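Please study the structure shown below, and then work through the exercises that follow. Each task is accompanied by a solution in steps.

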Amino acid sequence: MTIEAMAPAEDGPAPIVHIIDDDASVRAGLEDLLASVGIGCRAFASTQAFLAHPLPQAPGCLVLDVRMPGQSGLDFQRQMKELGILLPVIFITGHGDIAMAARAMKTGAIEFLAKPFDEQALLDAINEGIARDRVRRREAASLAQLRGLHHMLTGGEREVMELVAQGLLNKQIAARLEVSEVTVKVRRGQVMRKMNARSLPDLVRIHDRLFPPSE
């Protein structure tokens with residue numbers, strides 16, 4: 001069978017696939033497979049070993065064995081969010097069942113593959129995982145930039161931005177803040193400029209990204 005190469009690389013750090021499996025032969029096989037398609041990886045025998053090493057600032061995904069001595073893959077998947085590890089997860093197992101697979105997929109896993117797994121199916125899942133992580137990282141960087149811009153607003157500008165997002169008119173904002181309409185217009189213009197908002201609806205969308213409406 002011919003193994004299809006991964007998707008073309010994008011600008012930025014090269015992706016890294018993280019492997020956690022207690023079976024040394026499985027780790028070696030996955031390292032060889034990924035090397036054959038030009039993808040870097042890091043392999044660990046346990047979740048503890050994985051956590052002992054700093055996570056590289058690069059897009060990637062986690063290929064995780066379900067059953068290992070000590071902490072299981074499913075337990076680690078639950079812990080990842082608490083630890084701030086947002087890598088997409090692909091489960092591999094030699095002892096899986098339907099209930100286990102359903103549980104893994106329900107909690108956000110990309111794929112649940114039984115050993116011996118089809119190499120192309122694994123590469124496809126890895127490709128999807130890396131693509132998802134790239135999107136997540138771009139969105140996180142964009143949000144961080146918006147937070148930085150918002151931090152540069154004056155207190156009065158933040159008040160105006162908040163009230164504009166609530167749908168209030170200049171006259172209403174002026175009355176609420178006990179300032180003139182001219183002051184409101186000036187502050188709103190400054191907010192638009194500093195937040196790089198192209199229009200009022202754009203400013204509202206930016207506000208909602210910074211402060212998502214509670215559900």
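**Exercise 1: A salt bridge within one helix**

Arg-132 has a relative accessibility of 41%, and this residue therefore counts as partly exposed. The model under study is a predicted one.

Task: Determine which residue forms a salt bridge with Arg-132, and how the two are placed in helix H5.

Solution.
Step 1. The partner is Glu-128, and the closest N and O atoms of the pair are 2.5 Å apart. A salt bridge requires a distance within 4 Å, and the pair meets this condition with its 2.5 Å.
Step 2. Both residues belong to helix H5 and stand 4 residues apart, so about one helical turn separates them.
Step 3. Glu-128 has a relative accessible area of 35% and is partly exposed; Arg-132, at 41%, is likewise partly exposed.

**Exercise 2: A salt bridge between two helices**

Task: Identify the helices that hold Lys-194 and Glu-157, and decide whether Glu-157 is buried or exposed.

Solution.
Step 1. Lys-194 and Glu-157 form a salt bridge, with 3.0 Å between the closest N and O atoms.
Step 2. Lys-194 is found in helix H8 (residues 181-194) and Glu-157 in helix H6, so the salt bridge ties together parts 37 residues apart in sequence.
Step 3. Residues under 20% relative accessible area count as buried. Glu-157 has 5%, so this residue is buried. Lys-194, at 23%, counts as partly exposed.
Step 4. Leaving aside residues up to four places away in sequence, Glu-157 touches Arg-187, Gln-190, Val-191 and Lys-194.

**Exercise 3: A network of salt bridges**

Task: State which residues are linked with Asp-21 in a network of salt bridges, and locate Asp-21 and Lys-115 in the chain.

Solution.
Step 1. The whole structure contains 7 salt bridges. In one of them Asp-21 pairs with Lys-115, the closest N and O atoms being 2.9 Å apart.
Step 2. This pair links distant parts of the chain, 94 residues apart. Asp-21 lies in the loop between strand S1 (16-20) and helix H1 (24-36), whereas Lys-115 lies in the loop between strand S5 (111-114) and helix H5 (119-151).
Step 3. The network consists of Asp-21, Asp-65 and Lys-115.
Step 4. Asp-21 is buried, with a relative accessible area of 0%, while Lys-115 is partly exposed at 26%.

**Exercise 4: Two helix pairs**

Task: Classify the packing of H6 against H7 and of H5 against H9, and describe the residues in each contact.

Solution.
Step 1. Helix H6 (residues 155-165) packs against helix H7 (residues 170-177) at an angle of about 130 degrees, and their axes are 10 Å apart. This angle makes H6 oblique to H7. The crossing of these two helices is right-handed.
Step 2. From H6, Glu-159, Val-160, Leu-163 and Val-164 meet Ile-173, Arg-176 and Leu-177 of H7. The contact comprises 5 nonpolar, no polar and 2 charged residues.
Step 3. H5 and helix H9 (residues 200-210) pack at an angle of about 105 degrees, with axes 10 Å apart. These helices are therefore roughly perpendicular to each other.
Step 4. In H5, Glu-139, Ser-142, Leu-143, Leu-146, Arg-147 and His-150 meet Ile-206, Arg-209 and Leu-210 in H9. By class, this contact has 4 nonpolar, 2 polar and 3 charged residues.

Note on methods:
Residues numbered from 1 in each chain as written. Predicted model: local features only at pLDDT ≥ 70, side-chain atom pairs only at ≥ 80, totals over all residues. Heavy atoms only, no water. Axes fitted to C-alpha atoms, helices over the stretch in contact; angles between N-to-C directions. Parallel < 35°, antiparallel > 145°, perpendicular 65-115°, else oblique. Left-handed = near helix turned anticlockwise from the far one by under 90°. Contact = heavy atoms within 4.5 Å. Nonpolar A, V, L, I, M, F, W, Y, C, P; charged D, E, K, R; others polar. Salt bridge = Lys/Arg side-chain N within 4 Å of Asp/Glu carboxyl O. Buried < 20%, exposed > 50% of the residue type's maximum accessible area, 1.4 Å probe, protein only.
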